[in-house]
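User: I am new to this structure. Please take me closely through one topic, its cavities and pockets.

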Amino acid sequence: MRKQIAAANWKMNLTLQQGEALLDAIISKPHSLQANQQAVFAVPFPYLPMALQKLAGKANVFVAAQNCYSKKSGAYTGEVSVEILQSIGIQYVVLGHSERREYFHESNQLLADKVNICLEYNMLPIFCCGEPLDIREAGTQNDYVAKQLEESLFHLTAAQVQKIVIAYEPIWAIGTGKTASSAQAQEMHAFIRQQLAGKYGAAVADAISILYGGSVKAANAVEIFGQPDVDGGLVGGASLIADEFVAIINALK
Ligand code: PEP
């Protein structure tokens, strides 16, 4: 059975004290994670130890970094390596979020390098892909996403690619309040799985979790997560509100 994941992306939000209060509030509310379900909290770098400490011992709950660098170590002032993250106990890293692609010019090739170094250190990437509005309006979103997958992931072996969690995030739906319809999400998720099957075979494609991201909230999570190829969500704005995120966790199949 594929992993179903509710992943919170705090982005560059909250003070340390606000982050602590948010995690305390989330932990205190009833939520049930089945064996195949996970909650992941991608918090700003300085809050990683705090989040690890607060969530220690909670079954199926993980802390993620929001980024890492593509080199092992060295003179890269301001960057954070996979080895550094691993040394403090981090197991997941979000890679290629559209904000990083747009504001920090992360290319498919750079992301391939980041994916490689993560896998070298057994760090699990949550690999983001998704098209901007003009591509969606032109109807070429499948080609756009296929290229992102090909250029950043399809050099991997079948054993490696199964370690990746994919997050499909149509850029026009991120932080805009516009959600892809559950049919649009399912259509793209099925397409991504079909691409994976074409490259690696159906069994591998069936084993890979594909999350949807883009204005997921408590009110739409059950419907979106209920789609056969949607295995949970990567959640920005709604992950900053305890009641919302707990409801999203509880919406996992
Ligand atoms: C995100 O940060 O990946 C995201 C999908 O944001 P939001 O849920 O706010 O659209």
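Analyst: On a 1 Å grid over the protein atoms alone, a cavity is a set of points where a 1.4 Å probe fits but cannot get out; a pocket is an open set with protein on both sides within 12 Å along at least five of seven lines, and a lining residue has an atom within 4 Å of a point. The model is predicted: local features need pLDDT of at least 70 and side-chain atom pairs 80 or more, while totals for chains, interfaces and linings use all residues. Residues are numbered from 1 along each chain as its sequence is written, and side-chain values use heavy atoms, without hydrogens or water.

Start with the cavities. Two reach 30 Å³ or more. The largest cavity has a volume (space filled by probe spheres set on the points, joined across faces, edges and corners) of about 60 Å³. Its lining is Ile-26, Ile-27, His-31, Ala-39, Phe-41, Leu-55, Lys-58, Val-61 and Ile-249. Helix α1 and strand β2 (37-42) each give at least two of these residues. Helices (H or I, at least four residues) and strands (E, at least two) are DSSP runs, numbered from the N terminus. By class, seven lining residues are nonpolar, one is polar and one is charged. Here Ala, Val, Leu, Ile, Met, Phe, Trp, Tyr, Cys and Pro are nonpolar, Asp, Glu, Lys and Arg charged, and the others, Gly among them, polar.

Ile-26 of α1 also touches helix α12. In that contact (heavy atoms within 4.5 Å), Leu-22 and Ala-25 join Ile-26 on the α1 side. Ala-242, Phe-245 and Val-246 come from α12. By class, the contact has six nonpolar residues, with no polar and no charged ones.

The second largest cavity holds about 30 Å³. Gly-96, His-97, Ser-98, Arg-101, Cys-128, Cys-129, Gly-130, Gln-148, Glu-169 and Ile-171 line it. Helix α4 and strand β5 (124-129) each supply at least two of them. This lining has three nonpolar, five polar and two charged residues.

Now the pockets. The largest has a volume of about 420 Å³. It has 14 lining residues; closest to its centre are Lys-11, Met-12, Gln-66, Arg-100 and Phe-104. Helix α4 (residues 98-103) gives the most to this lining, with three residues. The classes are seven nonpolar, four polar and three charged.

The second largest pocket takes up about 230 Å³. Twenty residues line it. Gly-175, Ser-215, Gly-236, Gly-237 and Ala-238 lie nearest its centre. Its lining counts seven nonpolar, 10 polar and three charged residues.
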